[in-house]
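Trainee: Could you pick one part of this model and walk me through it closely? I'd like to follow it outward from there rather than get a tour of everything.

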Amino acid sequence: CGEVRVSYHTEADTAIAGKDFESAEGVVVFDHQQVEGSFEVAIKGKPCPSGTDRFRVFLTDPENGATLDASRDGGATRNILTVAIEPDTEAKESVDRIRSVMAKKWEKSKIGHANWATQFKEAIYVNGGADDDGDEESQPSAFDYVTHIVTLPWKLLFALVPPTDFCGGWVCFFCALLAIGFVTMIINDIASLLGCVLCISDDITAITFVALGTSLPDTFASMVAARSEPYADSSVGNVTGSNSVNVFLGIGLPWMWASIYWYVVGANAKWTHRYGEDFGAKWGQDGGAAFVVRSGQLFFSVLVFAITAIICLTCIVLRRYWYGGELGGPSDPKAYSSALLIMLWCLYIGLSVWSVSTKTEDFGKQLLVIGVSLPVLVFAMFLFALMLQALKVSKKYIGEEGFWGILVAAIIIGGRMIVFFAFQYQ
């Protein structure tokens, strides 16, 4: 009976033509005795499928004696096929997980940007903008304004460090290291210039101004840890950890790279000029070279540091035995411990300055100076104990202000007498 034809076309429902599927229409031709025919409708994938979408395919207008199944949807005049586009379950779950992670990341990023903006606001305003509430008690003082003006450039510098909301805090960590290194470099240069102006050698400048400037952040960090933590592990561990970084990394890494550099480069004119006379015969043969660091007064400085460190650790052990803890306790023991640690630092500075100034290499004389300084330390602690007891007694009669007034006056008069007799001697 020859070929027959049937027309087809698509119709959108919840699925949108051009977005979820491609519209299609045409004619399906069946040759003589052909029982099957086909046509294609392209279904498009969606990046974030949210549910089932549908569209319909119509078969209409049969020709040359062809008929449609009247029992199908649409009846004898047309047959309707409803196509359901369902999302892949595994793909949907994967997309949902990615979407959830991205949403959390985005929310955290928005919080990080807000915290970063808050850093600049707190850096620009006096006391971090604490006076915005209008409370008279929280209004900044004149001293607050002066310190804010002085520290504003440094506040803005460290406000550039991203908050800990980015990359788990690693960006903040490395940027903070770079900022601290930059500030340390500035402190070193300024301290060297100050020492040059005051005619102080670089060795003395290093153990006084530079050491004090680079150690104050650790001091404040230990103070905060001592106040906020119930145990002394954080505050004491911060000190030992800082010294470990200074010794093992701050010295070890530069010395390692310097050793590699001179081993590869060999003895050039600069190395020969500096070390050829003393070390050329041992390390400068056949163009070779080695990294040389003259110890100078390092042995004496390390010896004094070891002695003061032993005294400090002994004080900490005794405090734990007597008062049950390394930090805190009654007021008098706290005052004596603080005074002892401050005097140990002054003792180390004084002996190191004496060693650098005199350049004494006689070990016997160095031990003699250390032996004499220890009784001086005991005498200074005795004077501090007398002053502390005098302060406690004076509160009953002249008050604390009266005691400090008398003490300052005595210091001024004593200083003037020393200056007077010094000029008379000259």
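**Starting from tyrosine 8**

Mentor: Let's start with a pairing in the sheet: tyrosine 8 has leucine 59 of strand E3 as its bridge partner. Before going on, note that this is a predicted model, where local features need pLDDT of at least 70 and side-chain atom pairs pLDDT 80 or more, while totals for chains, interfaces and linings use all residues. Residues are numbered from 1 along each chain as its sequence is written, and side-chain values use heavy atoms, with hydrogens and water left out.

Tyrosine 8 sits in strand E1 (residues 4–12), and E1 runs antiparallel to E3, with 7 bridges joining them. (Strands pair if DSSP finds at least two bridges between them; strands, E of at least two residues, and helices, H or I of at least four, are DSSP runs numbered from the N terminus.) On to the next neighbour: E3 is also joined by 8 bridges to strand E4 (residues 78–85), again antiparallel. In that pairing, arginine 56 stands opposite threonine 82 of E4. E3 has a backbone oddity too: aspartate 61, which lies in this strand, has a phi near 55 degrees, a positive value in a residue that isn't glycine. That's worth a second look, because most residues other than glycine have a negative phi.

Back to the tyrosine, this time for its ring. The structure holds 11 aromatic pairs (Phe, Tyr or six-membered Trp rings with centres within 6.5 Å; planes under 30 degrees apart are stacked, over 60 edge-to-face, the rest tilted). One of them is tyrosine 8 with phenylalanine 39: the ring centres are 3.8 Å apart and the planes meet at 10 degrees, so the pair is stacked. It ties together distant parts of the chain, 31 residues apart, since phenylalanine 39 belongs to the loop between strand E2 (25–30) and strand E3 (53–63). The partners don't share a burial class: tyrosine 8 is buried at 13% relative accessible area, whereas phenylalanine 39 is partly exposed at 30% (under 20% is buried, over 50% exposed, in between partly exposed, with a 1.4 Å probe and protein chains only).

For contrast, phenylalanine 173 and phenylalanine 174 make an edge-to-face pair, with 5.3 Å from centre to centre and 75 degrees between the planes. Both rings sit in partly exposed residues, phenylalanine 173 at 43% and phenylalanine 174 at 48%. Trp170 joins Phe173 and Phe174 in one aromatic cluster. Cysteine 175, which follows in the numbering, is partly exposed as well, at 28%.

Now the helices, where the empty space I'd look at is. The second largest pocket has a volume of about 360 Å³, and its lining counts 14 residues, with Cys315, Trp322, Tyr336, Leu340 and Met381 nearest the centre. (On a 1 Å grid over the protein atoms alone, a pocket is an open set with protein on both sides within 12 Å along at least five of seven lines; a cavity is a set of points where a 1.4 Å probe fits but cannot get out; lining residues have an atom within 4 Å of a point. Points join across faces, edges and corners, and volume is the space filled by probe spheres set on them.)

Helices H7 (298–323), H8 (331–358) and H9 (363–394) each give at least two residues to that pocket's lining. H7 has the largest share, 7 residues. By class, the pocket lining splits into 11 nonpolar, 2 polar and 1 charged (Ala, Val, Leu, Ile, Met, Phe, Trp, Tyr, Cys and Pro are nonpolar; Asp, Glu, Lys and Arg charged; the others, Gly among them, polar).

There's also 1 cavity of 30 Å³ or more, holding about 30 Å³ of space. Val304, Ile307, Thr308, Leu347, Leu351, Ile370, Ser373 and Leu374 line the cavity. Here too, H7, H8 and H9 are the elements that give two or more lining residues, and the cavity lining has 6 nonpolar, 2 polar and no charged residues.

Finally, look between two of those helices. Lysine 359 is in the loop between H8 and H9, and, although not a glycine, has a positive phi of about 55 degrees. Unlike tyrosine 8, which is buried, lysine 359 is exposed, at 55% relative accessible area.
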